[in-house]
Amino acid sequence: MRIPKKYGESQILKCPFCEKRALVKNKQGVPVCAGHARQEVHEMLCACKSVLELKKGKWGPYYHCHKCGNQNFKRVLEMGHSNKTEQAQTYSVPVQEKPKEISITTNDAQWFD
């Protein structure tokens with residue numbers, strides 16, 4: 001059974017950060033919810049590991065790869081290859097733990113012979 005669309009339900013935009021209904025656009029022109037109006041979408045990486053360029057078009061935002069061509073905004077976000085996570089994994093420094101300090105009293109000395 002086919003349910004016809006109602007007036008105003010032809011395109012419902014969702015926020016890329018929290019999946020709520022997008023009502024405003026941020027500085028980049030990406031539709032976001034009111035809570036994320038000041039946040040920007042960070043750079044994303046293509047499957048070929050090149051940086052994607054965010055562009056605005058007639059039907060909303062999309063990404064462009066110089067090697068692969070245009071890619072859907074939602075699909076790129078689902079892939080989740082962000083440039084920030086790749087850099088964080090590459091340049092992460094291991095955290096050194098502090099050694100534990102153990103205090104031994106004269107009553108406990110017999111246990112450590």
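**Exercise 1. Glu-19**

Task: Decide whether Glu-19 is buried, partly exposed or exposed in this predicted model.

Solution.
Step 1. Take the relative accessible area of Glu-19, which is 52%.
Step 2. Apply the cut-off: exposed means over 50%.
Step 3. Glu-19 is therefore exposed.
Step 4. Place the residue in the chain. Glu-19 is found in the segment before strand E1 (24-25).
Step 5. Look at the backbone. Glu-19 is not a glycine, yet its phi is positive, about 65°. Most residues other than glycine have a negative phi.

**Exercise 2. Lys-49**

Task: Find where Lys-49 lies, and state the sign of its phi.

Solution.
Step 1. Lys-49 is found in the loop between strand E2 (31-32) and E3.
Step 2. Its phi is near 70°, a positive value in a residue other than glycine.
Step 3. Check accessibility. Lys-49 has a relative accessible area of 52%. That makes Lys-49 exposed.

**Exercise 3. The sheet**

Task: Work out the strand order of the three-stranded sheet and name its edge strands.

Solution.
Step 1. The order is E3-E4-E5, and the sheet is open.
Step 2. The pairing is antiparallel.
Step 3. An edge strand pairs on one side only; here these are strand E3 (53-57) and strand E5 (69-72).
Step 4. Add the twist. From one strand to the next it averages 40°.

**Exercise 4. Two hairpins**

Task: For E3 with E4, and for E4 with E5, give the number of bridges and the number of residues between the strands.

Solution.
Step 1. Start with E3 and E4. Five bridges join them. Two residues sit between them in a hairpin.
Step 2. Pick out one opposing pair. Lys-56 stands opposite Pro-61 in E4.
Step 3. Go on to E4 and E5. Four bridges join these antiparallel strands. Their hairpin has three residues between them.
Step 4. Name bridge partners in E5. Cys-65 has Gly-69 as its partner. His-64 has Asn-70.

**Exercise 5. Glu-53 and Gln-71**

Task: Describe the separation of Glu-53 and Gln-71, then the surroundings of each.

Solution.
Step 1. In sequence, Glu-53 and Gln-71 are 18 residues apart. In space, they are 10.0 Å apart, C-alpha to C-alpha.
Step 2. Assign the strands. Glu-53 lies in strand E3. Gln-71 lies in strand E5.
Step 3. Sort them by accessibility. Glu-53 has a relative accessible area of 35%, so it is partly exposed. Gln-71 has 19%, and buried means under 20%, so Gln-71 is buried.
Step 4. List contacts, leaving out residues up to four places away in sequence. Glu-53 touches Tyr-62, Tyr-63, His-64 and His-66. Gln-71 touches Cys-46, Leu-52, Tyr-62, Tyr-63, Cys-65, Val-76 and Met-79.

**Exercise 6. The nonpolar core**

Task: Find how many residues make up the largest nonpolar core, and which strand and helix each supply at least two of them.

Solution.
Step 1. The core has 12 residues in all. Among them are Cys-15, Val-30, Val-32, Cys-33, Val-41 and Met-44. Others include Tyr-63, Cys-65, Phe-73 and Val-76.
Step 2. Strand E4 (60-65) supplies at least two core residues. Helix H1 (73-79) also supplies at least two.
Step 3. Zoom in on Val-32. Leave aside neighbours within four places in sequence. Val-32 is then in contact with Cys-15, Pro-16, Phe-17, Ala-22, Leu-23, Val-24, Asn-26 and Ala-37.
Step 4. Compare the two lists. Cys-15 is a contact of Val-32, and Cys-15 belongs to the core.

Definitions and conventions: Residues are numbered from 1 along each chain as its sequence is written. This is a predicted model: local features need pLDDT of at least 70, side-chain atom pairs count only at pLDDT 80 or more; totals for chains, interfaces and linings use all residues. Side-chain values use heavy atoms; hydrogens and water are left out. A nonpolar core is a set of buried Ala, Val, Leu, Ile, Met, Phe, Trp, Tyr and Cys residues joined through side-chain atoms within 4.5 Å. Buried means under 20% relative accessible area, exposed over 50%, partly exposed in between (1.4 Å probe, protein chains only). Contact means heavy atoms within 4.5 Å. Two strands pair if DSSP finds at least two bridges between them. Axes are lines fitted to C-alpha atoms, for helices over the stretch in contact, and angles run from 0 to 180 degrees between N-to-C directions.
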